[in-house]
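Me: Please consider the model shown below. Kindly set out the conventions before the questions begin.

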Amino acid sequence: MAIKRTAADKLFSDIIRTRDNWTCQRCQKVVNRFSPSARKGLHCSHFIGRSRYNTRFDEDNCAALCYGCHRYFTSNPLEHHEWQHQRLGEDTIVQLHVRSNMRAGDNGLPRKSWYNSKEHRKELRERLKELG
């Protein structure tokens with residue numbers, strides 16, 4: 001079953017696309033951000049799935065991937081894992097896994113309900129504006 005995309009998810013996806021200059025981080029294909037189909041052509045790909053709220057909105061956990069590369073990594077998870085290790089390094093991968101498995105509220109992590117709050121969306125809009 002697909003995970004529902006919230007307004008926060010849409011903002012966060014735009015943060016990742018903007019951070020990565022609307023360029024697929026695997027094949028380097030550039031997508032015209034002003035094209036009506038830009039969001040369909042360049043995805044916000046999560047290394048650790050979106051069902052893990054502690055890393056769902058973590059920029060280290062995501063990369064902009066074109067449709068083809070996203071599908072390829074979905075079908076080839078070992079290659080995706082190797083690519084992420086090269087991209088991020090072992091320490092970052094370990095920390096992502098640790099954060100993804102923490103309980104909400106532990107170590108200052110927000111509760112799940114916060115991620116869909118107006119305050120969170122405001123922070124995401126500020127981050128998107130910061131990126132340009």
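Reply: Helices (H or I, at least four residues) and strands (E, at least two) are runs assigned by DSSP and numbered from the N terminus. Residues are numbered from 1 along each chain as its sequence is written, and side-chain values use heavy atoms, with hydrogens and water left out. The model is predicted: local features need pLDDT of at least 70, side-chain atom pairs count only at pLDDT 80 or more, and totals for chains, interfaces and linings use all residues.

Me: What pattern does the protein follow when read along the sequence?
Reply: The protein contains seven helices and two strands. Read along the sequence, these elements follow the pattern α-α-β-α-β-α-α-α-α.

Me: What is the radius of gyration of the protein, set against the globule rule?
Reply: The C-alpha trace spans about 40 × 30 × 30 Å along its principal axes. The radius of gyration is taken over C-alpha atoms, and the globule rule is 2.2 Å times the number of residues to the power 0.38. For 132 residues the rule gives 14 Å, and the protein is close to this, so it is as compact as a globular protein of that length, with a radius of gyration of 15 Å.

Me: How many Å apart are the end C-alpha atoms of helix α1?
Reply: The expected span of a helix is 1.5 Å times one less than its number of residues. Helix α1 covers residues 7-19, and its 13 residues should span 18 Å. The distance between its end C-alpha atoms agrees with this expectation, at 18 Å.

Me: How many of the 13 residues of α1 are buried?
Reply: Buried means under 20% relative accessible area, exposed over 50%, and partly exposed in between (1.4 Å probe, protein chains only). The buried residues of α1 include Leu11, Phe12, Ile15 and Ile16. They pack, by contact (heavy atoms within 4.5 Å), against α2, β1, α3, β2 and α7. Helix α1 is largely enclosed by the rest of the structure, because the number of its buried residues is 10.

Me: With which residue of helix α3 does Asp9 of helix α1 pair?
Reply: A salt bridge is a side-chain nitrogen of Lys or Arg within 4 Å of a carboxyl oxygen of Asp or Glu. Asp9 counts as buried at 5% relative accessibility, and its partner in α3 is buried too. The two side chains meet with 2.6 Å from N to O. Since one lies in α1 and the other in α3, the pair ties together parts that are 47 residues apart in sequence, and the partner is Arg56.

Me: Which residue in the loop between β1 and α3 is paired with Asp9?
Reply: Asp9 forms a salt bridge whose closest N and O atoms are 3.6 Å apart. This pair joins helix α1 to the loop between β1 and α3, so it ties together parts that are 41 residues apart in sequence, the loop residue being Arg50.

Me: How many residues apart do Asp14 and Arg17 lie in helix α1?
Reply: Asp14 and Arg17 form a salt bridge, with the closest N and O atoms 3.0 Å apart. Asp14 counts as buried at 12% relative accessibility, and Arg17 does so at 4%. Both lie in helix α1, and their separation is about one turn of the helix, that is, three residues.

Me: Which residue of β2 stands opposite His46?
Reply: Two strands pair if DSSP finds at least two bridges between them. β1 and β2 pair in the antiparallel sense over five bridges. Both faces of β2 are covered, with Ala63 and Leu65 buried on one side and three other buried residues on the opposite one. The residue opposite His46 is Cys62.

Me: What is the relative accessibility of Thr55?
Reply: Thr55 has its place in helix α3. Leaving aside neighbours within four places in sequence, its contacts include His46, Ile48 and Leu96. Thr55 counts as buried because its relative accessibility is 0%.

Me: What is the value of phi of Asn21, a residue other than glycine?
Reply: Most residues other than glycine have a negative phi. Asn21 follows α1 and is found in the loop between α1 and α2. Asn21 is exposed, with a relative accessible area of 59%. Its phi is positive, near 55°.
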